[in-house]
Structures are given as C-alpha cells and as structure tokens.
Amino acid sequence: MDTYPRRPYRHSNLPNALRAASRAILDEDGPDSVGLREAARRVGVSATAAYRHFTNKEDLLASVAAEGFRELAAAMEAAATGPDPLNAIGLAYVEFALQKRGLFRLMFGPILVERAKYPGLDEAARSVFESLRRVVGADGLPRQDNSEAMAAWGLVHGLSALFIDGLVPEARARGLAEEILVRSPRPEQRPAA
C-alpha cells in the first residue's frame, strides 16, 4: 500500500517536487536511500517522468545539495547584518545543520567532492565560502587572505558535525555553539606575525 499521498503538481514544478521528496527521504533515511524512482513514487509520477529532469541519482542529489547551499548562504547573509556578523553567521551555520541534518550531510558528503561535474552545485557551494570571506574581510583582513575564512569555516563546520552526530546533546548544542563562537579569537584580536 502506498503510504505517501500523491500530490497534484504542474509539469513545470516536477523538478521542485522531486527535490522536496528527496529532502524528505534524506531526513528519514540519509543520502544512500535517495533515488529517482523513490522520489518519483512519492510525488506520484512515473520514473520515466523523473528521468526527463534528472539524468541519474547523482544529478538529483547534486541539485538538492545546490539548493541546500543556496539556503545556507541566504541564512548566513541574513545573519550578517548584526553588530557581530562573524558570530551571527557562525550561529546561522550551526542552526542550519541542526534543522536540516540530512540535507547538511548530503551537502558535505561525497557529492561535494564531485562538484566540478555540476556547475550549479559548485557555484552554490562557493557562495557559502564567499559569505565567510566577506565577513572576515569586514573584520579587518584583506579579502585574499583565505586562512581566516578557512579557520572560521572549520570551527563552525566542526561544531555542526559534532552536534548533528549526537556527540553533544542537542539541548546544549546551541548554547555551547554561542559560547564557543563568542570566545573564539577575531582576526583583529590575533597578534601580528
């Protein structure tokens, strides 16, 4: 028996419907469970219809990951407007990971290594790092200095991974992230070399 209600869709919205179904599968069972046939079944279309929009599972996953990176970049950009933008985007990053665990795991899984095959994914992933670079640059470092942005990314990504893997209870994750990010040295606080 089909436990997923078929939803009406417009033909032009089928790629979005397939991505939404894939995200639901990600949240339930992880990236290995996502497939075009299962996504199509959940949407209520034939696998043939799904293959008209995505050539294979990896193409669908790359599209879903790109969507996730665009959402993460938007969340970070929205957070960067406060008095401490570096701390705010770090918290936005951690919050994104906590709220969208399956998507976050997909975004930073094996598909990211293959991003050169998928220009949309590559561009979307770069936008997240560019958001960090802009904020770090606003903290007084030249934009071309990637080490500070990489350090910030490593910190928030590492915290996010620890939290979503359950190594820190979720009830403590947000408060702990805030405490760590507030205490982490800022570029202007580091001694000159």
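The legends below accompany an overall view and several close-up views of a predicted model.

**Figure 1. The whole chain, a predicted model built from helices.** The chain holds 10 helices and zero strands, and from the N terminus on its elements therefore read α-α-α-α-α-α-α-α-α-α. Of its 193 residues, 44% count as buried, while the accessible surface comes to about 10,400 Å², of which 54% belongs to carbon and sulfur atoms. When contacts between residues at least 6 apart in sequence are considered, 67% of them join residues that are at least 24 apart.

**Figure 2. Close-up of the aromatic pair Tyr93 and Phe108.** A search of the whole structure finds six aromatic pairs. In the pair shown here, the ring centres of Tyr93 and Phe108 are 6.2 Å apart and the ring planes lie at 45°, so the pair is described as tilted. Tyr93 belongs to helix 5 (residues 85-99), whereas Phe108 sits in the loop between helix 6 (101-107) and helix 7 (110-113), so the pair ties together parts that are 15 residues apart in sequence. Both Tyr93 and Phe108 are buried.

**Figure 3. Close-up of the aromatic cluster that includes Tyr93 and Phe108.** Ring pairs link Phe69, Tyr93, Phe104, Phe108, Phe129 and Trp153 into a cluster. For the reader who wishes to inspect such pairs, a pair of aromatic rings is described by the distance of the centres and the angle of the planes.

**Figure 4. Close-up of the crossing of helix 4 and helix 5.** Two packed helices are described by the angle between their axes and the distance between the axes. Here the axes of helix 4 (residues 57-79) and helix 5 come within 8 Å and cross at roughly 145°, and the crossing is right-handed. On the side of helix 4 the contact is made by Gly68, Glu71, Leu72, Ala75, Met76 and Ala79, and on the side of helix 5 by Ala88, Ile89, Ala92, Tyr93 and Phe96. Sorted by class, the contact of these two helices has nine nonpolar, one polar and one charged residues.

**Figure 5. Close-up of Gly120 in helix 8.** Gly120 is found in helix 8 (residues 119-138), and with a relative accessible area of 39% this residue is partly exposed, because the value falls between the 20% limit for buried and the 50% limit for exposed. Leaving aside neighbours within four places in sequence, Gly120 is in contact with Ala66 and Arg70. Gly120 and Ala66 are 54 residues apart in sequence, yet 6.3 Å apart in space from C-alpha to C-alpha.

Terms used. Residues are numbered from 1 along each chain as its sequence is written. This is a predicted model: local features need pLDDT of at least 70, side-chain atom pairs count only at pLDDT 80 or more; totals for chains, interfaces and linings use all residues. Side-chain values use heavy atoms; hydrogens and water are left out. Rings of Phe, Tyr and Trp (its six-membered ring) pair if their centres lie within 6.5 Å; planes under 30 degrees apart count as stacked, over 60 as edge-to-face and the rest as tilted. Helices (H or I, at least four residues) and strands (E, at least two) are DSSP runs, numbered from the N terminus. Buried means under 20% relative accessible area, exposed over 50%, partly exposed in between (1.4 Å probe, protein chains only). Contact means heavy atoms within 4.5 Å. Accessible areas come from the Shrake-Rupley method with a 1.4 Å probe; for residues, only the protein chains shown count as cover. Axes are lines fitted to C-alpha atoms, for helices over the stretch in contact, and angles run from 0 to 180 degrees between N-to-C directions. A crossing is left-handed if the near helix is turned anticlockwise from the far one by less than a right angle, and right-handed if clockwise. Ala, Val, Leu, Ile, Met, Phe, Trp, Tyr, Cys and Pro count as nonpolar, Asp, Glu, Lys and Arg as charged, and the others, Gly among them, as polar.
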